[in-house]
4 protein chains.
Amino acid sequence: MSIAEIVNNNDTVAGRVFDGFIFFLIILSLFTFSVETLPGLTEEYQRYLHYSEVVISILFTIEYILRIVTAEKKTEYIFSFYGFIDLMAILPFYLVFLGVDLYVIRALRVLRIVKLTRYSVAMIRLGKAFSIAKGEVVVFLLATLVLLYLAAVGVYIFESRAQPENFQSIFDGLWWAVASLTTVGYGDIYPVTAGGKLFTFIVLIFGLGIVAAPAGIISSALTQVRNEEIKEEENQSREAERGQDSQ
Amino acid sequence: MSIAEIVNNNDTVAGRVFDGFIFFLIILSLFTFSVETLPGLTEEYQRYLHYSEVVISILFTIEYILRIVTAEKKTEYIFSFYGFIDLMAILPFYLVFLGVDLYVIRALRVLRIVKLTRYSVAMIRLGKAFSIAKGEVVVFLLATLVLLYLAAVGVYIFESRAQPENFQSIFDGLWWAVASLTTVGYGDIYPVTAGGKLFTFIVLIFGLGIVAAPAGIISSALTQVRNEEIKEEENQSREAERGQDSQ
Amino acid sequence: MSIAEIVNNNDTVAGRVFDGFIFFLIILSLFTFSVETLPGLTEEYQRYLHYSEVVISILFTIEYILRIVTAEKKTEYIFSFYGFIDLMAILPFYLVFLGVDLYVIRALRVLRIVKLTRYSVAMIRLGKAFSIAKGEVVVFLLATLVLLYLAAVGVYIFESRAQPENFQSIFDGLWWAVASLTTVGYGDIYPVTAGGKLFTFIVLIFGLGIVAAPAGIISSALTQVRNEEIKEEENQSREAERGQDSQ
Amino acid sequence: MSIAEIVNNNDTVAGRVFDGFIFFLIILSLFTFSVETLPGLTEEYQRYLHYSEVVISILFTIEYILRIVTAEKKTEYIFSFYGFIDLMAILPFYLVFLGVDLYVIRALRVLRIVKLTRYSVAMIRLGKAFSIAKGEVVVFLLATLVLLYLAAVGVYIFESRAQPENFQSIFDGLWWAVASLTTVGYGDIYPVTAGGKLFTFIVLIFGLGIVAAPAGIISSALTQVRNEEIKEEENQSREAERGQDSQ
């Protein structure tokens with residue numbers, strides 16, 4: 001069993017242990033990334049977090065080197081999507097080490113989460129679903145934007161005199177439209193006039209279906225992808241059976 | 001290549017550039033319309049906004065004249081839906097210029113957003129979906145209104161004594177019913193008595209399906225329109241193939 | 001054309017005028033019922049509202065008498081569902097007249113809204129859908145109640161120490177569970193501890209599907225009823241065609 | 001009619017009375033469990049609650065003994081799922097009696113709610129639906145978690161400077177992401193900066209479909225289970241008919 005097999009396959013126990021370890025490292029890395037943002041950390045904890053970040057970055061670097069070394073086509077891996085992501089997972093650490101310590105560069109570490117997609121069927125499906133639904137979603141996005149804009153102008157016309165503080169401009173109306181038509185309803189701004197409330201009622205009854213359309217399209221694309229996968233699996237198992245029968 | 005082709009077709013590069021320019025003008029116009037409502041604009045900014053409004057209006061006027069000149073049936077265009085919308089996009093500007101400076105007339109400029117519908121498949125689909133679903137939606141609107149009214153009366157009976165400030169009349173109950181049954185839940189008014197909370201639970205468990213019905217009907221009408229379009233495209237491509245085969 | 005035809009059919013112009021008038025009376029009656037609850041009404045307005053209530057009640061009484069007189073089977077109408085509703089629409093008025101002036105009796109006038117159901121296809125459909133879905137809904141109601149109770153106990157355990165004011169007992173937890181799992185989210189009570197927030201996340205991700213089940217069942221029953229109606233209409237029109245063909 | 005029949009079957013009147021009584025005891029037990037948490041209970045009420053708890057526990061003990069005695073395979077029942085649940089329904093009471101009075105042990109009494117599942121078709125269906133959907137749900141849970149995390153980091157980057165109080169760390173961002181993407185929207189924290197609001201809009205329009213996926217999968221699994229049950233019933237009734245025909 002070569003190192004190449006351990007790194008690139010998950011058929012063997014050693015390969016699965018390697019995958020599990022990288023998976024654990026990603027989660028640990030995201031956890032320390034989150035904990036770092038906690039206010040009032042003692043210096044001792046900060047030092048621990050720094051040490052763990054150093055160790056994680058070195059281990060990711062070893063993973064990156066192993067992946068390059070064991071890749072059949074080295075340049076292809078380096079310029080592939082995952083090659084780029086694996087590099088971005090360690091680059092911020094070395095840039096900070098070299099003195100380039102910008103907030104934005106530190107924040108890039110969160111891209112490590114994309115490394116998780118190597119391990120998830122859902123991610124592949126989501127990707128497929130998005131590429132199926134892309135055209136449809138773009139088409140409805142314009143309709144959603146027009147609806148949100150008209151709702152924003154409407155509520156602004158009704159409410160700007162009654163609540164000049166909350167509805168200072170159409171942009172406040174847009175924020176209200178987003179929070180209302182997605183039914184989140186934070187409750188930071190809402191109409192108080194009779195006209196504004198009636199307008200809200202009409203917009204909600206007719207508009208909920210339009211704003212929900214992109215999410216619905218993605219959902220149905222997901223179902224489509226899933227069904228195709230089930231079909232494919234059935235075809236493969238049937239062919240396997242036929243292969244056995246003909247022997 | 002005549003001007004008529006540039007204005008009315010989007011098959012040529014020039015035609016697409018013309019369309020893209022008008023599209024950009026509409027978005028710019030809506031943006032300046034929104035920015036105008038921002039409070040605390042300096043006089044300088046207001047002057048810029050005014051200049052941009054003048055330029056946009058003149059360009060829309062040129063577009064309107066071009067569309068009349070290049071239309072095969074001039075009166076038909078002028079009295080068509082888009083002819084009306086194109087006129088409404090410039091009329092407020094000239095009325096203000098003539099001294100008719102009413103808030104309502106200025107607000108009419110927002111109708112420019114409807115000009116966007118020329119460029120969006122989604123708009124055409126939405127239009128078709130609404131005309132399919134119209135009958136159904138009207139039918140369920142009455143059911144929704146009855147449910148909202150009964151919910152309003154119920155919550156008013158339970159809460160008006162405990163919170164006379166928040167539930168002053170059945171109209172406050174109606175606003176609560178709208179915000180709750182669409183699941184927006186702003187949190188400005190909500191029941192505080194045990195009876196009112198139990199009533200809310202019952203109304204929500206059974207009523208969510210009814211209030212969501214109009215949005216659901218529009219959604220399924222949208223799917224129907226989309227499926228018909230896909231069918232039509234397939235038919236067209238099949239006929240095109242047959243045409244080629246028979247040659 | 002007899003009075004019986006005007007009252008009981010809506011095939012003729014006079015019949016439709018009668019129906020429209022009663023429809024208008026119901027809406028007017030509900031409107032005055034709502035306006036009565038407005039605080040700070042002047043005595044003059046209150047007198048107007050009282051007069052309108054007297055007129056409406058007398059007109060509904062005439063309607064009730066006409067329906068009895070023109071019914072083919074008088075006792076059947078009187079003891080039918082609509083016979084009962086038509087009586088309840090006028091009884092509160094006469095009871096108050098006789099001195100029985102209780103708040104509950106006055107509130108009974110809201111039952112006039114049920115008279116609207118005579119005019120709406122949606123109501124008939126809703127009725128059919130509910131009777132189809134009844135069994136299913138009852139079955140899932142128990143599941144919903146169990147889920148809400150477990151969520152209530154869970155959030156109470158996590159939050160009762162951190163917010164003894166907001167989570168005084170499991171009943172407060174139940175109210176939180178209702179508002180959260182229907183995604184209304186008034187924002188009057190919500191978890192503040194890390195444990196309570198994690199618990200909320202888990203309950204929401206898995207529980208939303210269960211609480212939404214009754215609404216979903218009613219929705220799909222509505223679709224079923226609609227499809228059956230369309231089928232029936234098609235069958236009728238086909239039979240009508242056959243009838244014409246065979247002639 | 002033996003005791004075994006009464007305890008284990010619900011075909012006879014006595015069996016149904018027994019089931020109904022246990023059902024009532026469970027509900028009563030949950031009610032007293034909830035009432036106990038009410039603040040400001042007088043000593044008298046507390047004594048009543050204690051008495052009722054003693055009586056309920058003794059009756060559940062009798063039920064447990066009856067179930068063991070009447071079970072055909074005693075050890076199988078004792079180590080079955082319901083054997084365990086029936087024991088957990090009474091164990092806390094006896095442990096408290098023996099002096100082991102921990103809060104956690106008292107809280108275990110809530111497990112009595114699981115005894116309800118013996119009586120509900122919905123519970124069996126939910127169980128089946130969960131076991132069908134398990135794989136799918138786990139797959140999408142990871143996608144949901146990645147989306148929530150990215151949304152949390154995004155909102156934290158936009159808002160942590162404007163509202164350091166509300167967005168103290170990425171964990172606050174996570175709580176915001178959970179409350180927003182489930183559309184609950186408590187309104188305890190929400191973005192206030194233009195960037196944060198735009199980010200919220202984008203996350204909501206695209207993300208609602210993903211977070212709703214697990215609930216949707218459970219819903220469709222429920223439909224599947226229901227359809228299979230209907231099919232099975234039809235098959236059984238057809239076979240019964242054939243059996244009658246062939247006689």
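Student: Does B:Thr183 count as buried or exposed, and what is its relative accessibility?

Tutor: Good place to start! Keep in mind that this is a predicted model. A residue counts as buried when its relative accessible area is under 20%. B:Thr183 has 12% relative accessibility, so it counts as buried.

Student: Where is B:Thr183 in its chain?

Tutor: Look in the loop between helix H9 (170-181) and helix H10 (194-211) of chain B.

Student: What should I notice about the phi of B:Thr183?

Tutor: Here is the general idea: most residues other than glycine have a negative phi. B:Thr183 is not a glycine, yet its phi is positive, about 60 degrees. You can find a positive phi of about 60 degrees at C:Thr183 too, again in a residue that is not a glycine. C:Thr183 sits in the loop between helix H10 (170-181) and helix H11 (194-211) of chain C. With a relative accessible area of 11%, C:Thr183 is buried.

Student: Let's turn to a helix. What span should helix H3 of chain A have, and what do its end C-alpha atoms show?

Tutor: The idea is to count 1.5 Å a residue. Helix H3 of chain A covers residues 43-70, which makes 28 residues, so it should span 40 Å. Its end C-alpha atoms are 40 Å apart, which agrees.

Student: Which residues of H3(A) are buried, and what covers them?

Tutor: Among them are A:Leu49, A:Ile56, A:Phe60, A:Tyr64 and A:Ile68. Charged residue types appear as well, including A:Glu53, A:Glu63 and A:Arg67. The cover includes helices H1 (3-8), H2 (13-36), H4 (74-78), H5 (81-88) and H6 (91-97) of chain A.

Student: What sits over the ring of A:Phe60?

Tutor: That is the charged end of A:Lys115, 4.5 Å from the ring centre. Chain B offers a case to set beside it: B:Lys115 lies over the face of B:Phe60, at 4.5 Å from the ring centre.

Student: How many aromatic pairs are there over all chains?

Tutor: A search of the whole structure finds 28. To read one, check the distance between ring centres and the angle between planes; an angle over 60 degrees counts as edge-to-face. The ring centres of B:Phe93 and B:Tyr94 are 5.1 Å apart and their planes lie at 80 degrees, so this pair is edge-to-face. B:Phe93 counts as buried at 14% relative accessibility, while B:Tyr94 is partly exposed at 32%. C:Phe81 and C:Tyr82 are also edge-to-face, with 5.3 Å from centre to centre and 65 degrees between the planes. Here C:Phe81 counts as exposed at 51%, and C:Tyr82 is partly exposed at 26%.

Student: Which residues form an aromatic cluster with D:Tyr190?

Tutor: A:Trp175 and A:Tyr186 do, so to speak, from chain A.

Student: How much area do chain D and chain A bury between them?

Tutor: The size of an interface is often given as the accessible area lost when the parts come together. For chain D and chain A that area is about 3,400 Å², with 75% of it on carbon and sulfur atoms. In chain D, the residues that lose the most area to chain A are D:Tyr149, D:Ile205 and D:Phe206, together 17% of what that side buries. The contact joins 36 residues of chain D with 41 residues of chain A.

Student: How many salt bridges does the rule find across the interface of chain D and chain A?

Tutor: The rule finds 0 there. Across the interface of chain B and chain A the rule finds 0 as well.

Methods
Residues are numbered from 1 along each chain as its sequence is written. Chains are lettered from A and ligands numbered from 1 in the order in which they are written. This is a predicted model: local features need pLDDT of at least 70, side-chain atom pairs count only at pLDDT 80 or more; totals for chains, interfaces and linings use all residues. Side-chain values use heavy atoms; hydrogens and water are left out. Helices (H or I, at least four residues) and strands (E, at least two) are DSSP runs, numbered from the N terminus. The expected span of a helix is 1.5 Å times one less than its number of residues. Buried means under 20% relative accessible area, exposed over 50%, partly exposed in between (1.4 Å probe, protein chains only). Contact means heavy atoms within 4.5 Å. Rings of Phe, Tyr and Trp (its six-membered ring) pair if their centres lie within 6.5 Å; planes under 30 degrees apart count as stacked, over 60 as edge-to-face and the rest as tilted. A charge sits over a ring if NZ of Lys or CZ of Arg is within 6 Å of the ring centre and within 35 degrees of the ring normal. Buried area is the accessible area (1.4 Å probe) that two parts lose on being put together, summed over both. A salt bridge is a side-chain nitrogen of Lys or Arg within 4 Å of a carboxyl oxygen of Asp or Glu.
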